[in-house]
Amino acid sequence: SVTVTVTPESTALGAMLTIATLACGLVKDARSVAEITNLLADVDFNVHSTAAIALVAIPGDAALNAASAALTEGTETLRRAVAEALAVQPDPACHEYLREALTSEDLLVRRAAVFGLGLVRQEWSRDMLAKVAVEDSQWVVRNAAAQALDLFQQANPYLPVALPLYWESP
């Protein structure tokens, strides 16, 4: 049995690691790839998720290899963070990597790729999700694809809606 004690110091350290990791990814600091890769094993969700985001943002083979290893060998939340980070990158190679992940033997990799493709919001992504929702051998992956397709149907809740004229409002 392992006991984890959360103290103000550990919470503050996690927050500092999160901010520092995001900053390294923002400035695309290739020298920090080794340290960020070590943070992928952190128990704090925010720390290992931001490490995944930073690694995907940093150009170079070392960062991409570390992110790829996290996608294939990491925890479920880490795999999803890597896939979602790949989805929001403007580089088409990242989207191609997600397409290839859909053909993986590992169902957790395929499920993470589905969550990533759900963020792409392009026609080809919707077509791939529709195919996976019907053809995948695992119900967990099919369910995730169906959920992502449902999100495609919904309007973006963050876009402002035009209000009626004030004299026409109740």
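**Exercise 1. Is aspartate 106 buried, partly exposed or exposed, and which side chain does it meet in a salt bridge?**

Step 1. Aspartate 106 has a relative accessible area of 27%. Buried means under 20%, exposed over 50%, and partly exposed in between (1.4 Å probe, protein chains only), so aspartate 106 is partly exposed.

Step 2. A salt bridge needs a side-chain nitrogen of Lys or Arg within 4 Å of a carboxyl oxygen of Asp or Glu. Aspartate 106 meets arginine 79 in this way, at 2.6 Å from N to O.

Step 3. Now place the partners. Arginine 79 lies in helix α5 and aspartate 106 in the loop between α6 (92–101) and α7, so the pair ties together parts that are 27 residues apart in sequence. Helices are DSSP runs (H or I, at least four residues), and strands are E runs of at least two, numbered from the N terminus. Arginine 79 itself is buried, at 7%.

A word on the model: it is predicted, so local features need pLDDT of at least 70 and side-chain atom pairs count only at pLDDT 80 or more, while totals for chains, interfaces and linings use all residues. Residues are numbered from 1 along each chain as its sequence is written, and side-chain values use heavy atoms, with hydrogens and water left out.

**Exercise 2. How many salt bridges are there, and where do the partners arginine 111 and glutamate 76 lie?**

Step 1. The count comes to seven.

Step 2. In one of them, arginine 111 pairs with glutamate 76, the closest N and O atoms being 2.4 Å apart. Arginine 111 sits in helix α7 (residues 107–120) and glutamate 76 in helix α5 (residues 76–87), which puts them 35 residues apart.

Step 3. Check the surroundings: arginine 111 is partly exposed at 21%, and glutamate 76 is partly exposed at 40%.

**Exercise 3. Why is there no disulfide between cysteine 24 and cysteine 94?**

Step 1. A disulfide is a pair of cysteine sulfur atoms within 2.5 Å.

Step 2. The sulfur of cysteine 24 has its closest cysteine sulfur in cysteine 94, 19 Å away, so the two are too far apart for a bond. The count is zero disulfides.

**Exercise 4. Which residues form the aromatic pair, and how are their planes arranged?**

Step 1. Rings of Phe, Tyr and Trp (its six-membered ring) pair if their centres lie within 6.5 Å; planes under 30 degrees apart count as stacked, over 60 as edge-to-face and the rest as tilted.

Step 2. A search of the whole structure finds one pair. Tyrosine 166 and tryptophan 167 are 4.9 Å apart centre to centre with 80° between the planes, making the pair edge-to-face.
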